[in-house]
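Dear colleague,

Please find below the structure that I am handing over to you, followed by a short account of what was found in it.

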Amino acid sequence: MKPRVCLVVASDLSVRTFLRPHLVALQEQYAVTVVVNTDDEKLLARIGVTGTLQRIPIRRQISVVRDLQSLAALVRFFRREPFDLVHSMTPKPGLL
């Protein structure tokens, strides 16, 4: 079984523009999961990545209520899904 890696970002734009080559390379040796705020359920398939997409509404704008909701969703997700490596790629997910 491949080690599991999870990348957390706030925007699907980051996934499409910056992370695509990294995700393509990572998928060769890791089971890749991307946590992102997106409406595009086929985001990873569209960019040629085999992996799991977890949609959590992490917004870039500061909102205490929404940020706490996002944090709670992340905590629930990470309790359910154990990963060997978790990496946040943008400021808000890193803070949460």
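The structure, which is a predicted model, holds 3 aromatic pairs. One of them joins Phe 77 and Phe 78: the ring centres are 5.4 Å apart, the planes stand at 55° to each other, and the pair is tilted. Another is formed by Phe 77 and Phe 83, with 5.8 Å between the centres and 45° between the planes. Because tilted pairs are those whose planes are neither under 30 degrees nor over 60 degrees apart, the pair of Phe 77 and Phe 83 is also classed as tilted. Through such ring pairs, Phe 77, Phe 78 and Phe 83 are linked into a cluster.

As to the surroundings of these rings, Phe 77 has a relative accessibility of 4% and therefore counts as buried, whereas Phe 78, at 27%, counts as partly exposed. Phe 83 is buried, as is Phe 77. In addition, Arg 4 lies over the face of Phe 83, at 4.5 Å from the ring centre.

Which residues of the cluster does Thr 33 touch? Thr 33 is in contact with Phe 77 and Phe 83. Leaving aside residues up to four places away in sequence, its other contacts are Arg 4, Val 5, Cys 6, Leu 7 and Thr 52. Thr 33 belongs to strand E2, which covers residues 31-36, and is buried, with a relative accessible area of 4%. Arg 4 thus appears in both parts of this account: Arg 4 is placed over the ring of Phe 83 and is touched by Thr 33.

With kind regards

Note on methods:
Residues are numbered from 1 along each chain as its sequence is written. This is a predicted model: local features need pLDDT of at least 70, side-chain atom pairs count only at pLDDT 80 or more; totals for chains, interfaces and linings use all residues. Side-chain values use heavy atoms; hydrogens and water are left out. Rings of Phe, Tyr and Trp (its six-membered ring) pair if their centres lie within 6.5 Å; planes under 30 degrees apart count as stacked, over 60 as edge-to-face and the rest as tilted. Buried means under 20% relative accessible area, exposed over 50%, partly exposed in between (1.4 Å probe, protein chains only). A charge sits over a ring if NZ of Lys or CZ of Arg is within 6 Å of the ring centre and within 35 degrees of the ring normal. Helices (H or I, at least four residues) and strands (E, at least two) are DSSP runs, numbered from the N terminus. Contact means heavy atoms within 4.5 Å.
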